[in-house]
Amino acid sequence: MVYIMGVALSDAYPAKIALTGIYGIGRTLARRICARLQIHENAPLTSLTPQQTTALTAFLSAPANAPLLPKLPLASPHFRPNFHTNLVAPPTGKATNTNAIKAIPPKSETSLAARAQNEQQSVGLGDRLRNIKVETDLRRAVRENIMHHRLVNTYIGRRHAMGLPVRGQRTNSNAKTARRLNKLERRG
Amino acid sequence: MFQVKIRIGLVAAKLQLLRLYRMHRRSAANALSKATRGFTKREFKTAQRLLASVPSGSKATPSSPSLFSNTSTQKRQDDQMLLHPLYREVADQTSMQVFESELVNEGNIGLALAFPSKTPDPLRIFGIPKSVEKTFDLVTRPFSVVRRPTLSLRQTLENARKSGSDNRIVITGGAGTGKSYLLLQTIIHCVASNWIVLYLPRAIDTVNCTTPYNYEPRTQTFLQPMLSEKLLRQLRDMGHSGLKKLTLTNDFAIDSAPPGAPKKGQRLIELIEYGILEVSMAPFVLEQLLAELASQTQYPFLLAIDDFQALYSQSQYKTPQFEPIESFHLSVPRLLLEYACGSRKIHNGALLSALSMSNTSWLPKTEIYEALNLDLTHGKRPDAWDKRSEAYQHYAAGLKAFRMPERLEIKEAAGILDVMKNDRALLSDPSDQLFLSKYCESNGNPKEFVWRGLMATLDS
């Protein structure tokens, strides 16, 4: 059992399915979260490293505080890093020593932060995961929405208060679920 | 309809067996019931073996635990029940020879040869494709038959190696024509001929998001450290003597590498051990190791890949922005693609790969389809409106197709039937009529002949 934000996630499922055990995360959001944290989505939950589990917990605790990630530059087929081996004729046509392996320059020159700062790369459509709510935050938001409806005396608010269906369903018969679940202090 | 008939037939057979052995001891009956509980052919075959191992009433000795009661009438009934040859004979594969290079010749086409099981066994170390694994489960001893393509591929490989030309061969053919089996036969031959072999039985596993990945800004690709470490471990476990004799021609020079990085002149096995120990360095170690193996000429090097078409499509990995990652942006597939397109050359050896039509999520895409000039047995032909990626076209350039024949020859099919008959793998006693009818119904396609021909019939 892996515990994330106090929720016990089953070991029997891959990460992209197990994460749906958290209130507020469905199948799509689980895949997006795995991609954002570079967790391979078909990973068995037991194979997650402690660092990955910590990263998951840290992200889900405060999604709005997570840093914006820049778009990663990806190598074309003709890209050659400084470290390469056994390339006979690189496409640029430069003559190289066939088996020469050069050291890769130190990390600081090609760091992500430096690249983002210098080139001001965009993040595409924006980080869709910044506005998500899970667990207690989401339950609180649902309760606040219902309370708002009640306070401004809308039809929806009155129906929640009476414990009746809200969305125009019949009440002559059925409506059992609404009678059980629709409350002002709804569980969520 | 045919499948419904098979199921009804199996149910009837199961009921008949259970009825026949009602008198037996509870433990034996329970064992039999458990064995026949499922409807699959494999469990039915297990039941047959259980029955075959039961001594018949006439042969049971007083000391051995008898499954029959002591009354004479029941003994007579049981003797009659076990008279059918299916219940008396057990699987016997002692006459099958083990795969050896000398046995593979023109005169032995159709001869069934067992895969060798001496350590190190490449099939156990590298694994086998899923479709092959299912077929191995049918018999007690995994085998293959010598076919004409076995001889011609071997000849092609030898010619290419001797002439020193670019040898990047892709085995093509429709579904079930025996591409994976041919690749296995060639690998066994190469291992026996002291080649250094690296075999990826399921290249789909490099792109289906089952291993960890992390972005590396220096190479602008996503590294796959665990996958690289697994390949290094498999090479080490093969235990080729060349890994202990060949030495590095360059230092392993990566900035901020953990201490212990091997230097020029150290043995390749030390480089491998370093990569296994420092998993974060495994992708770079694998790249340098393959470069060293490809550039040396002392030992021929075979890079064998099954499910080759999976390398020419988008992977199931995603960027942090949830965009799909192309296969050439992952470290291991990119390395394999660079060997496939000739950017990295194998000076003494070959890259031998096989397409696979088993997994419909990973069928050959447009670029590989056109590069190998495939036909309709590999899926829909791409038209003028299909998008073509320049990157994959670059990686598919220069590949040579080795076409599998669509049909088994009669001798080859007969070899398969003989083995399955001796192994008691069939549900019935095979006759010439059964053989020819199933051969014709399957049009000689090996997979159809075995699975939907021989294994799916109740004719007797």
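A residue counts as buried when its relative accessible area is under 20%. In this predicted model, C341(B) falls on the buried side, because its relative accessible area is 11%, under the 20% cut-off. C34(A) is buried as well, since its relative accessibility comes to just 1%, again under 20%. Across chain A, which has 188 residues, buried ones make up 33%.

With cysteines on the table, what about disulfides? A disulfide is a covalent bond between the sulfur atoms of two cysteines. Searching the whole structure, over all chains, turns up zero of them. C34(A), for instance, is in no disulfide: the nearest cysteine sulfur belongs to C209(B) and sits 8.1 Å away. A pair has to come within 2.5 Å to count, so 8.1 Å rules this one out.

Next comes the question of how far the model can be trusted. For the model as a whole, the scores are ipTM 0.78 and pTM 0.80. Chain A has a mean pLDDT of 81, with 76% of its residues at 70 or more. Where in chain A is confidence lowest, and where is it highest? The low end is helix α4 (residues 112–119) of chain A, with a mean of 52, while the high end is helix α6 (residues 155–162) of chain A, with 96. Two stretches of chain A deserve some caution. Residues 87–109 of chain A have pLDDT below 50, yet in the model this stretch makes 41 contacts beyond near neighbours in sequence. Residues 118–125 of chain A are also below 50, and here the model shows eleven such contacts. Over in chain B, the mean pLDDT is 85, and 80% of the residues get to 70 or more. Chain B has a shaky patch too: pLDDT is below 50 over residues 54–70, a stretch with 25 contacts beyond near neighbours in sequence.

As for how chain A is put together, there are seven helices and two strands. Reading from the N terminus, the order is β-β-α-α-α-α-α-α-α, so to speak: strands, then helices. Among chain A contacts with a separation of 6 or more, 51% link residues 24 or more positions apart.

The structure also has some empty space inside, with six cavities of 30 Å³ or more. The largest cavity has a volume of about 250 Å³. Its lining takes in 20 residues, and those nearest the centre are T219(B), T221(B), E287(B), R334(B) and R344(B). Two or more lining residues come from each of β7 (221–223), α13 (282–295) and α14 (331–341) of chain B. Which element gives the most to this lining? That is α14(B), with five residues. Sorted by class, the lining of the largest cavity has ten nonpolar residues, five polar and five charged.

Then there are the pockets. The second largest pocket fills about 560 Å³. It is lined by 34 residues, with T135(B), G178(B), Y181(B), P446(B) and K447(B) lying nearest its centre. Elements of chain B that give two or more residues to this lining include α7 (130–136), β3 (143–145) and α8 (148–163). The largest share, five residues, comes from α9(B). By class, the lining of this pocket holds 20 nonpolar, eleven polar and three charged residues.

Technical notes: Residues are numbered from 1 along each chain as its sequence is written. Chains are lettered from A and ligands numbered from 1 in the order in which they are written. This is a predicted model: local features need pLDDT of at least 70, side-chain atom pairs count only at pLDDT 80 or more; totals for chains, interfaces and linings use all residues. Side-chain values use heavy atoms; hydrogens and water are left out. Buried means under 20% relative accessible area, exposed over 50%, partly exposed in between (1.4 Å probe, protein chains only). pLDDT is the predictor's confidence in each residue, from 0 to 100. Helices (H or I, at least four residues) and strands (E, at least two) are DSSP runs, numbered from the N terminus. Contact means heavy atoms within 4.5 Å. On a 1 Å grid over the protein atoms alone, a cavity is a set of points where a 1.4 Å probe fits but cannot get out, and a pocket is an open set with protein on both sides within 12 Å along at least five of seven lines; lining residues have an atom within 4 Å of a point. Grid points are joined across faces, edges and corners, and a volume is the space filled by probe spheres set on the points. Ala, Val, Leu, Ile, Met, Phe, Trp, Tyr, Cys and Pro count as nonpolar, Asp, Glu, Lys and Arg as charged, and the others, Gly among them, as polar.
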